[in-house]
Amino acid sequence: MTSIRIRNGRVIDPSQRRYEVVDLVIVDGHVDGYIGQEAQGSFDREIDAAGMVVSPGFVDLHCHLREPGFEDKETIATGAMAAVAGGFTTICCMPNTNPTIDTANDIAFVFAAARRAGLARVLPLGTVTRGELGRELSDATEMAAAGAVAFSDDGRPIWDGRMMRYALTNSLRHHKPIVNHCEDPVIADGGVMNEGRISDLLGLKGQPPAAEEVMVARDIELCCAWPSATDLPYPPR
Amino acid sequence: MIGAVDRGDTGRSHSVEAAVPWVGRGHVLDLDDFSHQELESVFNTADRMREILARPVPRVPSLRGRSVVNLFYEPSTRTRVSFELAAKSLGADVVNVSASGSSVEKGETLLDTVRTLRALGANVLVVRHKESGAPYTIAKQMDIPVVNAGDGTHAHPTQALLDAYTIRDHFGCIEGLRVLIVGDIAHSRVARSDAWGLTALGADVVFCGPPNLLPATALKDDGECMPWPVRVDFDLDHAIENVDVVMPLRVQLERQEGNRLASLREYARDFGITRARLARAASRAIVMHPGPMNEGVEIDADVAHGGQSVVQQQVTNGVAIRMAVLYLVVAAAAQNSNGHKTPLVPAPGLSGKVPV
């Protein structure tokens, strides 16, 4: 049995309705309870967290680890390092790698690399369509069985409404969310920032909110029309 | 202080002291934060430069020993030549670098290219780039003056300076003048910088063009107002009534992506500056154009070359304005290295005053 005492940190834990400076005791990797700062006791290890926040690990539902294919930008190991450095213990990585995460083997590759890194818990998403090309559905059921937590063609919208329909209804088999990159590329028209006063000021091409809202509206209608499990990654304002 | 310039070939001394002090601005990237006084100090300096240009040998040694690098990532004739002649008239060495035929084609990044030019001994960088904001990115990294010679659809401060200078030349004073800028405002760095400069000088500026070529905020009615203190009009025949300055912009044929316009014919019919339309402006009105012109589209040939056109004066004034800008930024850099202001880190080779 190993015990750790985290001293003097500000504990923020909404699930326990806690927001206070208190010591935390961890036994064998699990929270054992809170004790006053004055309380005595002997522990295998003590950590001084004065001036720091102690909270449950954060979860990032949408990150990019870029591996395989873009290791010059990020790898699963470097992304996991960045995550834990920022307090994120669970991260969900998008499948727009090269090759894209299309199969159970691809999912297994991500898990294996994450295990080697040995840091954050990495939960991969698989593609909705093979190669994110929007032409044919990926085998979501196979990927879900291998551990995919959701499906997305992130980086690209599922612009074909019929494809979106079948991806949604197919989720009745695997019960995982479909995460659409809601952006009508024609309305977005190469914009690099929100359209408005600042884009006019900077002379940068703006992207109107409608580029996103049009596709969100479509997906809401599709979700109303057929049963499914879905999610919009950037919620409407 | 800005020192006197030139004890040149003629042996005469010509002061280029500005009537109002330059604030020590090390870079000129846009006019958005220029005060009325600061603009006047550029114009007063340009007046002196024009005197130099009128000499038999239009050359002074103010920037002798300095290297001005024209880094042009976009095609340009008048701006590049204008900067080159301006720098040479001040005695600088000038190097022209264009994206094609340089290491840019080998994939070198913008910042690596400018660092290389700096290491080679550049003292001033004049930058034209197709991406809005590129000169700002460079200026942040550079300990030498950066002059924006046009960035994407954002700013073109020296064009706006020469425009205002030309208007000032013609009318004496800009305060209260009505200036109409017509055309593809959305993609115009000239219109943006003109709006800042001319409104700072007290002009009443109107943007006119088809809605599809106006900035997004020009069309909004939800209270998100335009960044510039200008008015908007979609109807040229209405907007041109009694204006003092008519400035059609080039219809940027290469930028008409999508279907913003039905046709150039539609544009010319409703937004082209014709002799008949010009007659509705004030009788003393002048016609300006930043060039290059598409005659018969945004401006008719008889207007472009007619008696009210000051297009050639704009081009000529551009050299004096750019001399003034180059002179002032180098003087500011020298001042900074003497510890007066610190937007620029002192550069090797720029210690001490500008040679007088």
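This short talk goes through a predicted model with a chain A and a chain B, starting with confidence and then taking each chain in turn.

Let me begin with how far the model can be trusted, since that colours everything after it. The model scores ipTM 0.80 and pTM 0.83. Chain B averages a pLDDT of 87, and 86% of its residues score at least 70. Over residues 1-20 of chain B, however, the pLDDT is below 50, although this stretch does have 43 contacts in the model beyond near neighbours in sequence. A second stretch of this kind is residues 340-356 of chain B, where pLDDT stays under 50 and where the model has 40 contacts beyond four places in sequence. I would ask you to keep those two stretches in mind as you look at the picture.

Now to the domains of chain B. The domain assignment gives domain 1 as 36-156 together with 318-337, and domain 2 as 158-253 together with 260-313. The centres of these two domains of chain B, taken over C-alpha atoms, are separated by 26 Å. Their contact takes 19 residues from domain 1 of chain B and 18 residues from domain 2 of chain B. Which elements give two or more residues to the side of domain 1 that touches domain 2? In chain B they are α1 (36-53), β4 (146-151) and α11 (311-337), and α1(B) gives the most, with five residues. By class, that side of domain 1 of chain B has nine nonpolar, seven polar and three charged residues.

Staying with α1(B), I want to look at how it meets helix α5 of chain B, residues 157-171. Two packed helices are described by the angle between their axes and the distance between the axes. The axes of α1(B) and α5(B) come within 11 Å and cross at roughly 75°; an angle from 65 to 115 degrees counts as roughly perpendicular, and α1(B) and α5(B) are therefore roughly perpendicular to each other. On the α1(B) side the contact is made by L39(B), V42(B), F43(B) and A46(B), and on the α5(B) side by L161(B), A164(B), Y165(B) and R168(B). Those residues divide into seven nonpolar, no polar and one charged.

Chain B also has an open sheet of five strands, in the order β7-β6-β5-β8-β9, with parallel pairing. Its edge strands are β7 (231-233) and β9 (286-287) of chain B, each of which pairs on one side only. Within that sheet, strand β5 of chain B, residues 178-182, and strand β6 of chain B, residues 204-208, pair in the parallel sense over five bridges. If you want to find the register in the structure, R178(B) stands opposite D204(B) in β6(B).

Turning to chain A, the division is into domain 1 (3-54) and domain 2 (58-231), and 36 Å separate the centres of these two domains, again taken over C-alpha atoms.

Chain A has an open sheet of three strands, ordered β3-β2-β7, with mixed pairing. In this sheet β3 and β7 of chain A stand at the edges with a single partner strand each, so one side of each is left without a neighbour in the sheet. On one side, four bridges join β2 (residues 10-13) to β3 (residues 18-21) of chain A, and these strands run antiparallel. On the other, β2(A) and β7 (residues 53-54) of chain A pair in the parallel sense over two bridges. V11(A) shows both pairings, since V11(A) stands opposite E20(A) in β3(A) and also opposite V54(A) in β7(A), while I12(A) stands opposite Y19(A) in β3(A).

Some backbone details of chain A deserve a careful look. Most residues other than glycine have a negative phi, and most peptide bonds are trans. In the hairpin of β2(A) and β3(A), which has four residues between the strands, R17(A) takes a positive phi near 55°. R66(A) also has a positive phi, near 65°, and lies in the loop between β8 and α1 of chain A. That loop holds P68(A) too, which is joined to E67(A) by a cis peptide bond with omega about 5°. Another cis peptide bond joins N98(A) and P99(A), with omega about 0°, and P99(A) is placed in the loop between β9 (88-93) and α2 (104-117) of chain A.

Finally, where the chains meet, the contact takes 15 residues from chain B and 11 residues from chain A. The chain B side has five nonpolar, seven polar and three charged residues.

Technical notes
Residues are numbered from 1 along each chain as its sequence is written. Chains are lettered from A and ligands numbered from 1 in the order in which they are written. This is a predicted model: local features need pLDDT of at least 70, side-chain atom pairs count only at pLDDT 80 or more; totals for chains, interfaces and linings use all residues. Domain bounds come from an automatic or database domain assignment. Two residues are in contact if their C-beta atoms, placed from the backbone, lie within 7 Å. Ala, Val, Leu, Ile, Met, Phe, Trp, Tyr, Cys and Pro count as nonpolar, Asp, Glu, Lys and Arg as charged, and the others, Gly among them, as polar. Axes are lines fitted to C-alpha atoms, for helices over the stretch in contact, and angles run from 0 to 180 degrees between N-to-C directions. Angles under 35 degrees count as roughly parallel, over 145 as roughly antiparallel, 65 to 115 as roughly perpendicular and the rest as oblique. Two strands pair if DSSP finds at least two bridges between them. pLDDT is the predictor's confidence in each residue, from 0 to 100.
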